[in-house]
Amino acid sequence: MQIAFFVLLVVMAGTSGEMFVSRAMKEIGEVTSFRPAAIARVVLRALGQGWMWAGLAMMALAFFSLLVLLSRANVSFVVPVTALSYVMAALGGRFFLGEQVSAGRWMGVCLVCLGVALVWAG
Amino acid sequence: MPSGEKLRGKTAVLLFLMVFFGAGGDTLLGKGMRAVGPPAAWNPGEVAAFLGRAVISPVVWIGFASLLLFFLAYMLVLTWADFSYVLPASAASYAVVPLLGHFFLGEGVSPLRWTGVALIALGVGLVGQTPPSTVRAAAVASPAVETARVD
């Protein structure tokens, strides 16, 4: 039961964190140079974005939950079940953002759900 | 087109680094945290003690450093490629982590669980094949998409 709770926390906090970080990095634009100084500038600019901080806070919560899960269960169980993030992203996109989710994408979501059920049962 | 070629090359390198550092980091973190053990109780003192034990574990630190490198590669690739281009690397990681857990940490993985892992990697890959319609406008302007069409 506790395992299920922390899986849910990893999935929900992790998914929203990734969405926020993705949004922050899109504001910055394409990185064209890979010199350390240029990468450091990108990191500093990223830290100036409000979305980045919201994303990092959610990711910290997800990371804490991941640590708790990994302290109790095998990594070959924990990491595959966190793929439920893609199910959460599709459901969130469809019902909270009103996006059109294609048939192919729903098929992927169904496969992930089935896979997680098997990993949980195994 | 030389610039398209170069972009495809750097995307491939960063996707590989994402799988390498992401899957490796998860595996090391798992090894470290199993040694640390779960919090003895859910009160602030025991949770702090749990985090304290994790913080002094070298294996946890190496795993954490590896995940930071994963995160850096992930952030860089997202500045030019769409979310859906990053997904194949994520899909591969879901299969690579159980393999590392099995061969390096000696975790027993049942055939049923391997089947589940394969379905998950396939499902995540399929999600990536069909990006949501909301990114269409951005994708038209994205050089990464043009590169893919050349393939």
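Here are some exercises with worked solutions on a predicted model of two chains, A and B.

**Exercise 1. Work out what chain A and chain B are built from, and how much of each is buried.**

Start with chain A: six helices, zero strands. Going from the N terminus, that reads α-α-α-α-α-α. Its C-alpha atoms fit a box of roughly 50 × 40 × 25 Å along the principal axes.

Now chain B, which has seven helices and zero strands, giving the pattern α-α-α-α-α-α-α along the sequence.

For burial, 41% of the 122 residues of chain A count as buried. In chain B the figure is 42% of 151 residues.

**Exercise 2. Find how much of the contact within each chain comes from residues 24 or more positions apart.**

Take the contacts with a separation of 6 or more in chain A: 77% of them join residues 24 or more positions apart. Do it again for chain B and you get 82%.

**Exercise 3. Check the span of helix 1 of chain A and of helix 3 of chain B against the expected value.**

Helix 1 of chain A has 27 residues. The expected span is 1.5 Å times one less than the number of residues, which comes to 39 Å here. From first C-alpha to last, helix 1 of chain A reaches 39 Å, so it passes the check. Right after this helix sits G29(A), with a positive phi near 95°.

Helix 3 of chain B has 21 residues, and its reach of 30 Å is close to the 30 Å expected. While you're on this helix, look at its buried residues: among them are V60(B), G63(B), L67(B), F70(B) and Y74(B). Here's a handy bit of background: an α-helix has 3.6 residues a turn, so residues three or four places apart point the same way. Towards the end of helix 3 of chain B, the buried list also includes M75(B), L76(B), V77(B) and L78(B).

**Exercise 4. Decide whether G14(A) is buried or exposed, and list what it touches.**

First, locate G14(A): it is in helix 1 of chain A, residues 2-28. Next, count neighbours. The cut-off for buried is 20 or more other C-beta atoms within 10 Å. G14(A) has 21 C-beta neighbours inside 10 Å, so it counts as buried.

Then skip the neighbours within four places in sequence; G14(A) is left with contacts to M59(A), A62(A), T82(A) and S85(A). One distance to try in your viewer: the C-alpha atoms of G14(A) and L66(A) are 9.8 Å apart, with their positions 52 residues apart along the chain.

**Exercise 5. Describe how the two domains of chain A meet.**

The domain assignment gives domain 1 (1-73) and domain 2 (83-122). Their centres, taken over C-alpha atoms, are 20 Å apart. Five residues of domain 1 of chain A are in contact with four residues of domain 2 of chain A. On the domain 1 side, those residues split into three nonpolar, two polar and no charged.

**Exercise 6. Take apart the contact between the chains, from the chain B side.**

The contact uses 42 residues from chain B and 39 residues from chain A. On chain B, helix 1 (2-36), helix 3 (58-78), helix 4 (83-104) and helix 5 (111-129) each give two or more residues. Helix 5 of chain B has the largest share, with 13 residues. By type, the chain B side divides into 24 nonpolar, 14 polar and four charged.

Now the largest nonpolar core, which has 74 residues. The members that touch the most others are A83(A), V112(A), M18(B), V77(B), Y94(B), I120(B) and V124(B). Both domains of chain A give residues to this core, so it lies between them.

Zoom in on I120(B): leaving out neighbours within four places in sequence, it is in contact with P80(A), A83(A), V112(A), G115(A), V116(A) and Y94(B).

**Exercise 7. Say which parts of chain B the predictor is confident about.**

Overall, chain B has a mean pLDDT of 84, with 82% of its residues at 70 or more. Among its elements, helix 2 (residues 44-55) has the highest mean, 95, and helix 7 (residues 143-150) the lowest, 43. Residues 132-151 of chain B stay under 50, and the model has 24 contacts beyond four places in sequence for them. For the complex, the predictor gives an ipTM of 0.79 and a pTM of 0.79.

Notes: Residues numbered from 1 in each chain as written. Chains lettered and ligands numbered in written order. Predicted model: local features only at pLDDT ≥ 70, side-chain atom pairs only at ≥ 80, totals over all residues. Contact = placed C-beta atoms within 7 Å. Helix = DSSP H or I, 4+ residues; strand = E, 2+ residues; numbered from the N terminus. Nonpolar A, V, L, I, M, F, W, Y, C, P; charged D, E, K, R; others polar. Buried ≥ 20, exposed ≤ 12 C-beta atoms within 10 Å, placed from the backbone. Domains from an automatic or database assignment. pLDDT = per-residue confidence, 0-100. Core = buried A, V, L, I, M, F, W, Y, C linked by C-beta atoms within 7 Å.
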